[in-house]
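Trainee: Could we go through how the terms for this complex are decided? I'd like to set each value against its rule.

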Protein chains: 2
Amino acid sequence: MALRQAVLAALLEGEASGYQLAKRFDVSVSNFWSATPQQLYRELDRLEQDGMIEGRVVEQQGRPNKRVFTLTTAGRDHLHAFTAQPSKPTAIRDDLLVKIQAFDSTDQDAIRKQLLIRLEQARQKLTLYDKLRDDLLAGQAEDTYLRTADRIGPYLTLIGGRMFEQQNIAWCTTVLELLDQRA
Amino acid sequence: MALRQAVLAALLEGEASGYQLAKRFDVSVSNFWSATPQQLYRELDRLEQDGMIEGRVVEQQGRPNKRVFTLTTAGRDHLHAFTAQPSKPTAIRDDLLVKIQAFDSTDQDAIRKQLLIRLEQARQKLTLYDKLRDDLLAGQAEDTYLRTADRIGPYLTLIGGRMFEQQNIAWCTTVLELLDQRA
DNA sequence: TCACACATGTAACACGTTACATGATTTG
DNA sequence: CAAATCATGTAACGTGTTACATGTGTGA
C-alpha cells in the first residue's frame, strides 16, 4: 500500500487534479511507482474521504470542470510517518525479461526487435530526464543547487531515473552484442 | 498477465514443485518478476487446468508428498507465442524511492538508514549473482559459454540482475554523498 | 473532419498480499 | 529444545488492469 503515499508525495509538488496527477506520474513518478489514471481517481476519492487531501472544484470555460486536490495536515503527517517505516525490497515486473529468460525457446528475431525498441525507449527517457534535470538546476552547479534548493527529493529520484535508464541502455547493448557472438 | 509466462519460463529450468518454484523465484526470477508462494500455488493450479503443465505426485518419506510440474507442449507453444508479442514497459514499484521523493518532508536520518540497508542488500545480491554466474560459466570464458551452452536465456537475465544491482549500489552511494553535501 | 487533449467516471475482473493452518524432520 | 526447512493449502481482502462511456475545444 504505497500508491497512497506516492500520490501524497506527488502532491508535494503542488495541488493537482486527477488528470494532472496522471501526467505527473507519467513523466516522473513512473520511475519509482507506476499507476494508471483509474487507480489515481480511485485513490484520490479515498484520500479525500480519509481527510488526507482536500478537493475543490475549479470551474473552467469550454472544458469540463476539474477537482483540484491539496494535501492536508493529516496527509503530511501520514506521509512523514510512512517514511520512517522500513522499506520493502523493489518489486520489478518486466515482460521483456521474462521473454529473455525463455530466449532459447523463442522467436529470436522477435526478441532482438523488442530489445531495439526497449533501447530506443530508454534513450528517449534519458533525454527527457536530462532536460528535466537542466530545468531543475536552472543553470546552477549541482552542489549550489543541493545547498540552496527548497526541496531536493525530486532531484534525487530524477537522478535515480537517469541512472536506471543508463543502466537499461547498457544492458540492452550488452545483450545485443552477446546475441551477435552467439550467432 | 505475465505471471503465467514467468512460471512457464521458470519451468524451462526443469520440473519443480510449488515450493521449489518459490525458491527459484526468490533467488533468480525475482530480478524480473516478483511473486509470492501463494501466487505460485494458485497459478500452478490454473496452468494445470489449462493443460499448460502436468503435475505428478512424488511420494516422500518423512516429508509431505509434493506435486511436481512439467511443461506440456501446449505450455511451450503458449510461451513461444507470448515471446513474439510486443512488450510492455517495465513496471517499477519501490517504497524507498517514494520516501526519497518526499525527502524534504521526512525524518531524514531514518531515510539515511534505509539507504544504508538498501546498499547492503544490493551488495549481497551482487555477490550472489557473481557466484551464480561463476557456476553457470563453470570455468569457461564468456564467449565460449555463449557459443556452446544449451540455453543462454538464464545467463542474459542474470547479467541483467548484476547490472541492476551495480546501478543500485552506485545510486545509493551517490545519494548518500549528495545528502552529505546538503548537510 | 479527424484525431488529440482535456477531464472524469463506472464496472468487472484479474492479480497480489497477508494471515492463518497443518505437521513432520533436520539443524544448531 | 527451539528454530528453520520442507510442503501445501484456504480465505479474505486490497490493488491493478481493461474496457467502456461521455462530451467539448483545439490544431493539422
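Trainee: What makes a residue pair between chain A and chain B count as a polar contact?
Mentor: A polar contact is a pair of N or O atoms within 3.5 Å; within protein, one must be able to donate a hydrogen and the other to accept it, and residues adjacent in sequence count only if both atoms are side-chain atoms. Between chain A and chain B, 40 residue pairs are in polar contact, both residues being at pLDDT 80 or more. This is a predicted model, where local features need pLDDT of at least 70, side-chain atom pairs count only at pLDDT 80 or more, and totals for chains, interfaces and linings use all residues. Residues are numbered from 1 along each chain as written, chains are lettered from A and ligands numbered from 1 in the order written, and side-chain values use heavy atoms, without hydrogens and water.

Trainee: How many salt bridges does the rule find across that interface?
Mentor: Zero. A salt bridge needs a side-chain nitrogen of Lys or Arg within 4 Å of a carboxyl oxygen of Asp or Glu, so no pair across the interface of chain A and chain B passes that rule.

Trainee: What does "buried" mean for chain A and chain B?
Mentor: Buried area is the accessible area (1.4 Å probe) that two parts lose on being put together, summed over both. Here that comes to about 6600 Å², 60% of it on carbon and sulfur atoms. With contact meaning heavy atoms within 4.5 Å, chain A and chain B bring 71 residues each.

Trainee: Why are β4(A) and β4(B) called paired?
Mentor: Strands (E, at least two residues) are DSSP runs, numbered from the N terminus, and two of them pair if DSSP finds at least two bridges between them. Three bridges join β4(A) to β4(B), residues 91-93 of chain B, so the two strands pair, and they run antiparallel. A:Ala91 stands opposite B:Arg93 there.

Trainee: What makes a residue "near" DNA strand C?
Mentor: One of its heavy atoms must lie within 4 Å of the strand. 24 residues surround DNA strand C, with A:Lys23, A:Gln60, A:Arg67, B:Gln39 and B:Arg42 the closest. Of the strand's atoms within 4 Å of the protein, 70% belong to sugar or phosphate and the rest to bases.

Trainee: How do you know that A:Gly18 makes a polar contact with DNA strand C?
Mentor: A backbone N or O atom of A:Gly18 is 3.4 Å from a phosphate oxygen, and the limit is 3.5 Å, so the pair counts. For A:Tyr19, a backbone N or O atom lies 2.9 Å from a phosphate oxygen. From chain B, a side-chain N or O atom of B:Gln39 is 2.5 Å from a phosphate oxygen of DNA strand C.

Note on methods:
Helix = DSSP H or I, 4+ residues; strand = E, 2+ residues; numbered from the N terminus.
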